[in-house]
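Here is a quick tour of some charged side chains and the strands and cores around them. Have the sequence and the 3D view open as you read.

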Amino acid sequence: MDKTKRRYGRLLTAIAVPAFMGVSLPAQAQTSADPTAAPGSFLGRVILGFGRARTAIDTPQAVSTLEQDDIDREQAATPGDLLRTVPGATVQGGDRMTGQRYNIRGVGGDASDQNRIIISVDGVEKYGELYQVGQFFGEPELYRRVEVLRGPASSALYGSGALGGVVAFETKDAADFLQMGETTALRVKAGANSNGGGTLGSVILAQRFGERVEVLAALTHRNEGDYKSGDGTRVTGSGMAGTSGLLKGTYRFGDGNEQSLSLSLSRWRSDEDGANYSSVADIPDFGTVDRRAQDDTATLVWTNPASGNPWLDSRVQLSYSRTLIDQENAVPGNPFLANNPLFEDAFYQYRTLALRAENRFTFSGEGWENYLTLGVTASRQTRAAQRESGAIAFHPEGTDRRYGVFLQNEFIWDDRLTAVLGLRADRITLTPSDDVVGGAQRSHTAQVASLALHYRFNQDWAVFGSLAHTERAPSIDEVFDVGTGAGKTASLELRPERARTVDLGFSYAGRDVVVDGDSLDLKLTVFSNRVRDKIDRFSGPGPTYANIARAHIRGLELEGGYDAGNLFGKFAYSRILGTDQITGLQLTSTPADELVLELGGRAFEQTLEYGWRGTFARKSKRWNASPAPGAYEHLPGYGVNDLYATWRPDQGALAGVEVQLAVNNVFNKQYRNILDGGLANNEPRRGRDLRMSVGRNFSW
């Protein structure tokens, strides 16, 4: 970590520590999180992607939502850490910030898989497709909510191509900290962890100016050293240091101040000297590199809910996103690679300018309601990559232009039957740069159609199902990559991938099951996803990619929770099977069967919450070319146990303080995730790690 990073850390610590010791400020605000409000499972959370707000258990789609309490409790160092308890969602690439990639329902294996999963921040799509580097970078302290939508049915709203699903992050807002009658709120937080000697400092300031203007400013610095796995082995190059900032302002106007105009600017930046060249696997031959990563997001949003007009509920968003990776001073571990152009100084950049406009129309009659959402999207993404000797053949430059129209109609009858129809069409035009050998402009149309039904028999039981057809157009990388082998050419004749998915399931929402006031929620989903014209690398001479694969991915997800006030529990189970229908082999993107159990309690008038969580993965196999061609490698199963506690005193001098304590991997289990690659290059995950953070809110 350089001197600038250390100065940032000392600055934030200097601000935070005196505040925890009781520095006098005009008034102390209660923490924005309410420990009694969190239900026993994700199934009680409100889902926003429908015409009428509804809880997850009442949606005809597999979706999980993480709220502020969940994010704080995890004390996550990376965004991917937040998904640990979501069934069917896994993060691969180890614990490195710049190495994390996402896998949902068995979709997501390598760099070319990443555009099959949509990652967004405040509705702005984030994109990355760099060799040996992850997909998305960000700071968990900036997020207030995460929605994970599993399966391609979400493509109608979020964009064609989401064959695996969507992970939607939402950043904090001034209203999260300012209560009625307050004008200023300050939150300071400091944290540390034992495995890697990490530190965290965060300062958030929220300010209200009259009834119309609210502003939030946040600054966070995080440093984590190389961690040790369960057997005590130091995983070199796994440390990271990142600084992030968020500036967000909202102006309200119109009748009743209903309309709003908001501007949000955020930046995450990390400088790593001597980092492992491969951020996603243990490959000593690649050696080390000095890598700078930066992710910027800017959004301007106008909303007009027009509560008195059922024909008007509008939202328009203009956004800009940039992801930059700058690499220098690479030192290959294998001397035979010293002259390989892969290790020259290089930069990779994605810049996206996008516009999205939508309006919701509301209709209703006796016993029925209907919500119709119509929208249009337009975007222009520029992909750049240059090294000392010029263009990079395996990472071609170009421009991706997209224009789309979408429709979602939600019909509700008698509060029992819900039918959701989604339609979308995107026109994609790919234009290569002049450096692409044999490149020529290509255009495709990708279409989406989905129908989901949910029927509630009574207050307890419901069934649901959905059918979705989704298409994913080929990316710049797939069309214009000419590789490094002899005889390789651009893949100009690629067709869009096509996926057909069926989801079926039932849910149970019981109240007063064991004792008065308790709740038991269950939701079971089974799915089948068949992908045709799947795009894969072609090994022989000719086009680098071809529509040569077909895949069948099926599985089940079971989640639920029990809450009785002072006692609660949660569970999530997923079993996913992925098959390459051409070869008959298991897809390497198939995760292990996983069961997550959680049991906890609340005490001292629910100001203290504590619990245990166990993550159990079944032994699994992975098709791999090494150590012997045509062989499966077997990875052992594992069980990882975590303990946590949260204390939020609500009276006296400590009111407004929040203390988070966690011991992850209590028994120092040595384990590996099957999605991190074959045994030869699979890095072990983090061993025992004690994490603690202390935050305090002030307001006046």
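The side chain of Lys-126 makes a polar contact with the side chain of Asp-295, at 3.0 Å. That same lysine side chain also gets to the backbone oxygen of Asp-296, at 3.2 Å. Bear in mind that this is a predicted model. Lys-126 sits in strand β7, which covers residues 124–126. Is Lys-126 buried or exposed? With a relative accessible area of 2%, Lys-126 is buried, because that value falls under the 20% cut-off. If you skip the neighbours within four places in sequence, Lys-126 is in contact with Ile-119, Ser-120, Val-121, Phe-136, Asp-295, Asp-296, Thr-297 and Ser-321.

On to the salt bridges. How many turn up in a search of the whole structure? The search finds 52 salt bridges. Here are three of them, with the N to O distance for each pair.

| Salt bridge | N to O distance |
|---|---|
| Arg-73 with Asp-70 | 3.5 Å |
| Asp-642 with Arg-613 | 3.7 Å |
| Glu-658 with Arg-648 | 2.8 Å |

Take Arg-73 and Asp-70, which form a salt bridge with their closest N and O atoms 3.5 Å apart. Why are these two separated by about one helical turn? Because they are three residues apart in helix α2, residues 68–74. Both Arg-73 and Asp-70 are buried.

Next, Asp-642 and Arg-613 meet through their side chains in a salt bridge of 3.7 Å. This pair links distant parts of the chain: Asp-642 belongs to strand β34 (residues 638–647) and Arg-613 to strand β31 (residues 608–617), 29 residues apart. Asp-642 is buried at a relative accessible area of 2%, and Arg-613 also counts as buried at 7% relative accessibility.

The third pair is Glu-658 and Arg-648, whose side chains meet at 2.8 Å, N to O. Here too distant parts of the chain are linked, with Glu-658 in strand β35 (residues 657–664) and Arg-648 in the loop between β34 and β35, 10 residues apart. Glu-658 is buried, with a relative accessible area of 2%, and Arg-648 is buried at 7%. Which residues are joined into one network by salt bridges that share partners? They are Asp-70, Arg-73, Asp-563, Lys-570, Arg-602 and Glu-609.

Now for how those strands pair up. β31 and β34 run antiparallel and are joined by 10 bridges. Within that pairing, Thr-615 stands opposite Val-640 in β34. β34 also runs antiparallel to β35, with five bridges between them. There, Trp-647 stands opposite Val-659 in β35.

Finally, the nonpolar cores. The largest has 28 residues, and Leu-82, Leu-83, Tyr-102, Val-146, Val-148, Val-167 and Phe-169 are the ones that touch the most other members. The elements giving two or more residues to this core are β4 (89–92), β5 (101–104), β6 (117–121), β8 (143–150), β9 (165–171), β26 (519–537) and β28 (545–563). For a closer look, pick Val-148: leaving aside neighbours within four places in sequence, its contacts are Ala-62, Val-63, Ser-64, Leu-83, Val-86, Ala-89, Ile-104, Val-166 and Val-167. Apart from the largest core lies another one, of 19 residues, including Phe-286, Val-289, Ala-346 and Tyr-348.

Definitions and conventions
Residues numbered from 1 in each chain as written. Predicted model: local features only at pLDDT ≥ 70, side-chain atom pairs only at ≥ 80, totals over all residues. Heavy atoms only, no water. Salt bridge = Lys/Arg side-chain N within 4 Å of Asp/Glu carboxyl O. Helix = DSSP H or I, 4+ residues; strand = E, 2+ residues; numbered from the N terminus. Buried < 20%, exposed > 50% of the residue type's maximum accessible area, 1.4 Å probe, protein only. Polar contact = N/O pair within 3.5 Å; in protein donor to acceptor, adjacent residues only side chain to side chain. Contact = heavy atoms within 4.5 Å. Pairing = 2+ DSSP bridges. Core = buried A, V, L, I, M, F, W, Y, C linked by side-chain atoms within 4.5 Å.
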